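I opened a fresh page for this one and wrote down what I looked up, in the order I looked. Have the viewer open beside you as you read along.

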Amino acid sequence: MIRMEKRLQLFLLSFTLSLLVSSPPGAAAVQLDPNYYANICPNLENLVRGAVVKMMSQTPVAAPATLRLFFHDCFVMGCDASIMIMSSDGSDEWHNPADFSLKAEGFETVLAAKAAVDGDLQCTNKVSCADILALATRDVVSLSGGPTWPVELGRYDGKVSLGSDVVLPSPDFNLDQLNGMFGSFGLTQTDMIALSGGHTIGASSCMFFYNRLYPGDPTVSPGFLLQLQQSCPNPLLDPNAFAFLDAATPLQFDNAYFRNLQQGMGLLNSDQVLFNDPRSQGTVNLFASNQSAFFSAFVDAMTRLGRLGTKTAVDGEIRRDCRFVN
Ligand code: HEM
């Protein structure tokens, strides 16, 4: 009898310990779910979308800036809105040169959506900035003519943002380097090509492709080269000079980006290499000829991107102000 009691005590102790180790109070396993806020903040999707529609009506930069913000957030410390944290000593991610060119309109779109969400008393301080960024990103894509999809939710916001943690792909990368970096996050070459299709909207400063213009990179089509040389005579004299990443339809989320690549009209080396390298050319050709195939691969890849490094109540929080840790 005593032995039985002892065994029961031991069992209960180890059970309690295992609970403490695997799920401290308040923690939930990271099981993202599109319906995560169904009871917590039922009107969430409408609130975010309303704010995004308003921002997009005010500036065409809101859409590309938000999409790029999400990518840069997820690749560094996971999708935890750590990219939005501003520290007074300048040690945050945003101050890293790879992030410094992120446009203010992306941050402003998320802050406007957060204000709209918090304005609903049922939702105040209950929705993470990371989830609002993920929803706003889906919305800018679909409102620009791209696909829509159910966004998985339930991320917590990170509490750490360090410029020294920032590692992002370079516009000069070749296919192996692109595959190496995306592969390190469990993303396939097809995911990487579909996500690069995000360059169907937005612009790039001349400094990121200037090395392709003088002397002219032979893989740039001659007409496009001339056009770019006119737009970018000297980035040192004009740091604001830029060109659209998709010269054909820069505001429209479509598959024109891939048709551009077939014509030697990819802006960055990392864009054009996707067509030039025979190992990825087939996928570029597929996406160029079949927009639905691109959209469906983009949705799959965005969903996988959105799962990177998700935080729980253990290592995260619901930030009251997306710019500062609580
Ligand atoms: C494949 C590797 C990638 C490289 C090397 C790369 C590089 C760049 C560069 C250099 C710019 C111009 C930045 C500036 O002038 O401020 C840019 C812009 C942009 N990138 Fe990427 N990027 C990559 C992947 C992605 C992905 C995966 C997405 C999203 C799914 C994305 C979305 C964007 C958008 C929307 C812009 C335009 C931003 C704006 O107009 O404000 N990029 N990217």
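**Entry 1: the iron.** I began at the iron atom of the ligand and found that a single donor from the protein serves it, His199, through NE2 at 2.1 Å. I should keep in mind that this is a predicted model. Next I asked myself where His199 sits in the fold. I traced His199 to the loop between H8 and E1.

**Entry 2: polar contacts of the ligand.** Which atoms of the protein lie 2.9 Å from an oxygen atom of the ligand? I noted an N or O atom in the side chain of Lys103 at 2.9 Å from a ligand oxygen. For Ala203 I noted a backbone N or O atom, also 2.9 Å from an oxygen atom of the ligand. Arg68 went on my list too, with a polar side-chain atom 3.4 Å from a ligand oxygen.

**Entry 3: the pocket and its shell.** I checked which space the ligand takes, and it is the largest pocket. Then I looked up which elements give two or more residues to the shell around the ligand: helix H3 (62-75), helix H7 (175-183), helix H8 (189-196) and strand E1 (203-205). H3 provides the largest share, five residues.

I also wanted to know how many residues surround the ligand. The count is 25, and the closest are Lys103, His199, Ala203, Ser204 and Ser205. Sorting the shell by class, I got 14 nonpolar, nine polar and two charged residues. For the domains, I saw that domain 1 (44-165) and domain 2 (186-305) each give at least three residues to the shell around the ligand.

**Entry 4: backbone oddities.** I finished with the backbone, with a rule of thumb in mind: most residues other than glycine have a negative phi, and most peptide bonds are trans. Two places caught my eye.

- I found the peptide bond from Tyr214 to Pro215 to be cis, with omega near -10°. Pro215 is in the loop between E1 and helix H9 (222-231).
- I found a positive phi of about 55° at Ala81, although Ala81 is not a glycine. Ala81 belongs to the loop between H3 and helix H4 (97-100).

**Note to self.** When I come back to this page, I will start again from His199, the single protein donor to the iron atom of the ligand.

Conventions: Residues are numbered from 1 along each chain as its sequence is written. This is a predicted model: local features need pLDDT of at least 70, side-chain atom pairs count only at pLDDT 80 or more; totals for chains, interfaces and linings use all residues. Side-chain values use heavy atoms; hydrogens and water are left out. A residue is near a molecule or strand if one of its heavy atoms lies within 4 Å of it. A polar contact is a pair of N or O atoms within 3.5 Å; within protein, one must be able to donate a hydrogen and the other to accept it, and residues adjacent in sequence count only if both atoms are side-chain atoms. On a 1 Å grid over the protein atoms alone, a cavity is a set of points where a 1.4 Å probe fits but cannot get out, and a pocket is an open set with protein on both sides within 12 Å along at least five of seven lines; lining residues have an atom within 4 Å of a point. A molecule sits in a cavity or pocket if more than half of its atoms lie within 2 Å of its grid points. Helices (H or I, at least four residues) and strands (E, at least two) are DSSP runs, numbered from the N terminus. Ala, Val, Leu, Ile, Met, Phe, Trp, Tyr, Cys and Pro count as nonpolar, Asp, Glu, Lys and Arg as charged, and the others, Gly among them, as polar. Domain bounds come from an automatic or database domain assignment. Donors are N, O and S atoms within 2.8 Å of the metal (3.2 Å for Na, K and Ca); water is not among the atoms, so sites may look incomplete.
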